[in-house]
Amino acid sequence: FLPSCVYEEMEKRFQQVLVMLSIDTGNMTYAVLDKMKCDIIVKEYWRSFYPQFENTTIQGLCPPLWDAASCIPPTAGGDTAVIPCMRMYAGQYYHAGNNASRKCLHNGTWESITDYTECSLQLLDVSTDDSNDISLVIYAVGYVLSFLALFLALSIFLSFRELRCLRHKIHVGIFFSFALSAFNWIITNSLMELSHQLPGVFIHITCIFWVFTSFFHLTNFYWMFLEGFYLFLQVQFPLSLTSIKYKHFLVFGWGFPLINMLVWVGLRLLYHNNNNMDIPMNICPFFAASGLDYVHTAPSFIILCCNTVFLIWIMLIVISKLRQQTALDHDRRHLKAAKALLFVMPLLGIGYLITLVPPNRENSKTAYNVFTIGRSLLLSTQGLMISITYCFVNDEVQTVLRTHWRRAMMVRRVGRETRSPLKVSSQ
């Protein structure tokens with residue numbers, strides 16, 4: 001909203017102040033830098049940047065204002081200040097393509113709130129250069145492929161009776177969890193495309209889907225825990241499986257994450273700051289990071305630790321049995337299952353860890369771009385990798401599919417041979 005020459009002069013003065021005060025901006029976010037620039041430069045030297053207001057009395061002019069998100073420029077009484085949407089607020093990035101506005105009253109005072117209804121979030125938190133488009137494409141392709149692969153895996157497991165034992169049903173549970181997670185991302189991304197046409201509606205709907213995103217992310221970890229726990233019971237306490245039903249796994253895989261999320265949602269709503277409800281981050285209490293997020297992040301970390309213990313325990317027992325001459329077929333099956341879990345668990349664990357500790361965008365743009373692209377590739381293809389591991393390269397699944405294919409071909413061939421003599425006799 002400033003002429004280029006004025007903007008350049010403002011930036012020049014701001015850099016001079018930073019050098020003079022020996023301020024290191026390396027670890028500062030856009031929000032902090034924007035606030036410093038507003039307080040130190042705009043509020044102090046605004047008359048030189050806005051010469052059109054030199055002859056305006058202070059009673060008929062609203063001075064520059066920092067509203068906790070943007071720097072509102074000086075505006076004549078009765079006019080409305082129109083500014084680009086903030087780059088960052090409460091740790092989240094916003095699209096700068098839309099505008100925000102705030103009314104200056106005739107008595108030289110600002111209205112109580114700034115209108116940010118047109119501002120929309122960059123929900124994927126991707127960088128603003130070429131890696132933005134690349135990562136979005138990777139996310140879209142990865143999640144669509146994951147959803148299709150998981151849908152196919154579910155269709156296979158639900159179509160054949162031979163694949164309905166307890167272990168296979170647990171596979172179905174994890175397929176459902178990751179499929180719903182991928183579908184939720186596709187829906188959320190579609191809603192983002194509507195953000196410019198329906199900004200108000202978009203924020204409220206996206207707020208709901210944001211909660212679903214956290215829920216399905218948590219269910220993925222719980223079902224991964226059930227995979228490891230079931231394998232542990234098979235190896236260490238096989239007789240205990242006779243008293244365990246699939247409904248117990250359903251309660252744990254879906255019920256416990258639901259309780260986790262209800263507690264988290266309740267705490268976030270309870271401690272939500274209702275001030276500045278015109279800012280999108282404050283309309284939805286779940287967008288910004290909070291110290292209360294440990295309610296759903298801590299269980300994920302605990303599950304990763306438990307599955308690590310399970311894996312080490314299982315591998316030690318199975319390998320010791322295989323070294324003996326009395327090793328049975330089920331011991332070899334346990335080893336294959338452990339190897340599958342050994343492949344899938346780090347995939348989920350690395351995806352979890354890289355979302356916790358991203359590099360600083362301001363420190364190294366290249367490192368952040370590489371991180372963003374790598375994260376999009378890893379997170380979006382988790383469902384695809386799980387369906388490949390537990391379904392498409394699974395020996396039992398391949399055996400069942402081959403058996404049914406051969407049976408279908410045999411029935412078709414017999415039917416053809418049966419019809420042939422009838423045609424000959426009729427002639």
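Helix α3, which spans residues 130–159, contains V141, and this helix is a convenient place to start reading what is a predicted model. Because its relative accessibility is 46%, V141 counts as partly exposed, falling between the limits of under 20% for buried and over 50% for exposed. On the surface, V141 joins V137 and L145 in a nonpolar patch, and the three residues together offer about 250 Å² of accessible area.

The same helix also holds two tyrosines: Y139 and Y143 both lie in helix α3, where they are four residues apart, or about one turn of the helix. Y139 has a relative accessibility of 4% and therefore counts as buried, and Y143, at 12%, is likewise classed as buried.

From here the path leads to a pair of phenylalanines. The ring centres of F215 and F216 are 5.4 Å apart and their planes meet at 55°, so this pair is tilted, since that label covers plane angles that are neither under 30 degrees nor over 60. Both side chains belong to buried residues, with a relative accessible area of 13% for F215 and of 11% for F216. Nor do these two rings stand alone, for ring pairs link F215 and F216 with F209, F212, W223 and W254 into a cluster.

Taking rings as paired when their centres lie within 6.5 Å, the count for the model comes to 16 aromatic pairs. One of them brings the reader back to the two tyrosines, as Y139 and Y143 form a stacked pair, with 6.0 Å from centre to centre and 5° between the planes.

Technical notes:
Residues are numbered from 1 along each chain as its sequence is written. This is a predicted model: local features need pLDDT of at least 70, side-chain atom pairs count only at pLDDT 80 or more; totals for chains, interfaces and linings use all residues. Side-chain values use heavy atoms; hydrogens and water are left out. Patches are made of residues with over 30% relative accessible area and no salt bridge: like charges are joined within 9 Å, nonpolar side chains (Val, Leu, Ile, Met, Phe, Trp, Tyr) within 5 Å. Accessible areas come from the Shrake-Rupley method with a 1.4 Å probe; for residues, only the protein chains shown count as cover. A salt bridge is a side-chain nitrogen of Lys or Arg within 4 Å of a carboxyl oxygen of Asp or Glu. Buried means under 20% relative accessible area, exposed over 50%, partly exposed in between (1.4 Å probe, protein chains only).
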